Amino acid sequence: MRRFHEAKTKGAKEVVVWGTGSPLREFLHVDDLADAVVFMMESYSGLEHLNVGSGKEVTIKELAELVKEVVGFEGELVWDSSKPDGTPRKLMDSSKLAALGWRPKIELKDGLVDTYKWYLENVTQ
């Protein structure tokens with residue numbers, strides 16, 4: 001997000017992103033994590049571990065396009081496929097928690113919008 005913001009403010013024509021953009025990632029807003037922890041404290045007494053995740057995957061390319069949109073960067077994304085992609089897929093199995101009735105509430109785009117607003121208010125000069 002910082003790199004996109006800096007590119008926007010400097011009028012850069014492009015942002016270089018490592019890899020091909022094809023790996024899949026799962027994101028969860030910290031407020032949803034806190035909500036899940038409270039939910040588990042109130043309604044779960046088992047001994048098994050419970051994973052907390054959104055259950056939704058996005059490609060790195062989709063994420064980069066979303067960050068670009070949220071920040072308002074109008075340049076191009078350039079994919080540097082000479083750099084590593086990393087792990088192809090990172091998704092938690094949150095089915096046990098979902099079976100108990102918990103679901104995340106904050107969509108990825110909404111979380112990015114909130115994060116960028118915070119960034120502008122607290123990090124940039």
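**Exercise 1. Is Arg 2 buried, partly exposed or exposed, and what is its relative accessible area?**

Solution.
- This is a predicted model.
- The relative accessible area of Arg 2 is 44%.
- Buried requires a value under 20%, and exposed requires one over 50%.
- Arg 2 is therefore partly exposed.

**Exercise 2. Find the salt-bridge partner of Arg 2 and place the pair in the fold.**

Solution.
- The partner is Glu 6.
- The closest N and O atoms of the two residues are 3.0 Å apart.
- The cut-off for a salt bridge is 4 Å, so this pair qualifies.
- Both residues belong to helix 1, 4 residues apart, which means a separation of about one helical turn.
- Glu 6 has a relative accessibility of 30%, so it counts as partly exposed.

**Exercise 3. How many salt bridges does the model have, and which distant parts of the chain do Lys 96 and Glu 48 link?**

Solution.
- The count comes to 6 salt bridges.
- One of them joins the side chains of Lys 96 and Glu 48, with an N to O distance of 2.9 Å.
- Lys 96 sits in helix 4, residues 95-99.
- Glu 48 sits in the loop between helix 2 and strand 3.
- The two are 48 residues apart, so this pair links distant parts of the chain.
- Lys 96 is partly exposed, at 43% relative accessible area.

**Exercise 4. Characterise the salt bridge between Arg 89 and Glu 57.**

Solution.
- The closest N and O atoms of Arg 89 and Glu 57 are 2.6 Å apart.
- This pair also links distant parts of the chain.
- Arg 89 is in strand 5, residues 89-90, and Glu 57 is in strand 3.
- They are 32 residues apart.
- Glu 57 has 26% relative accessibility and counts as partly exposed.

**Exercise 5. Describe the surroundings of His 5.**

Solution.
- Start with its place: His 5 is found in helix 1, residues 2-10.
- Its relative accessible area is 10%. Buried means under 20%, so His 5 is buried.
- Leave out residues up to four places away in sequence. His 5 then touches Val 71, Tyr 116, Tyr 119, Leu 120 and Thr 124.
- With one of these, Tyr 116, His 5 also makes a side-chain polar contact of 2.7 Å.
- Now look further out. The C-alpha atoms of His 5 and Glu 69 are 11 Å apart, with their positions 64 residues apart in sequence.
- Glu 69 lies in helix 3, residues 60-71. Glu 69 is partly exposed, at 47%.
- Trp 102 is 97 residues from His 5 along the chain, and their C-alpha atoms are separated by 34 Å.

**Exercise 6. Where does Lys 13 lie, and which residues does Lys 13 touch?**

Solution.
- Lys 13 lies in the loop between helix 1 and strand 1, the latter spanning 14-18.
- Its relative accessibility is 71%. Exposed means over 50%, so Lys 13 counts as exposed.
- Beyond residues up to four places away in sequence, Lys 13 touches Phe 73, Gly 75 and Glu 76.
- Lys 13 and Arg 3 are 10 residues apart in sequence. Their C-alpha atoms are 12 Å apart in space.

**Exercise 7. Identify the nonpolar surface patch that contains Val 38.**

Solution.
- The patch consists of Leu 33, Val 37, Val 38 and Met 41.
- Together these residues have about 340 Å² of accessible area.
- Val 38 is in helix 2, residues 30-43.
- Val 38 has 36% relative accessibility, so it counts as partly exposed.

**Exercise 8. Which residues does the UniProt domain annotation cover, and what is the make-up of that span?**

Solution.
- The unreviewed UniProt entry carries the annotation "domain: NAD-dependent epimerase/dehydratase" for residues 2-53.
- In the model, residues 2-53 are 44% helix and 15% strand.
- The end C-alpha atoms of residues 2-53 lie 25 Å apart.

Methods:
Residues are numbered from 1 along each chain as its sequence is written. This is a predicted model: local features need pLDDT of at least 70, side-chain atom pairs count only at pLDDT 80 or more; totals for chains, interfaces and linings use all residues. Side-chain values use heavy atoms; hydrogens and water are left out. Buried means under 20% relative accessible area, exposed over 50%, partly exposed in between (1.4 Å probe, protein chains only). Contact means heavy atoms within 4.5 Å. A polar contact is a pair of N or O atoms within 3.5 Å; within protein, one must be able to donate a hydrogen and the other to accept it, and residues adjacent in sequence count only if both atoms are side-chain atoms. UniProt positions are given in the numbering used here, feature names are shortened, and annotations may be inferred rather than shown by experiment. Patches are made of residues with over 30% relative accessible area and no salt bridge: like charges are joined within 9 Å, nonpolar side chains (Val, Leu, Ile, Met, Phe, Trp, Tyr) within 5 Å. Accessible areas come from the Shrake-Rupley method with a 1.4 Å probe; for residues, only the protein chains shown count as cover.
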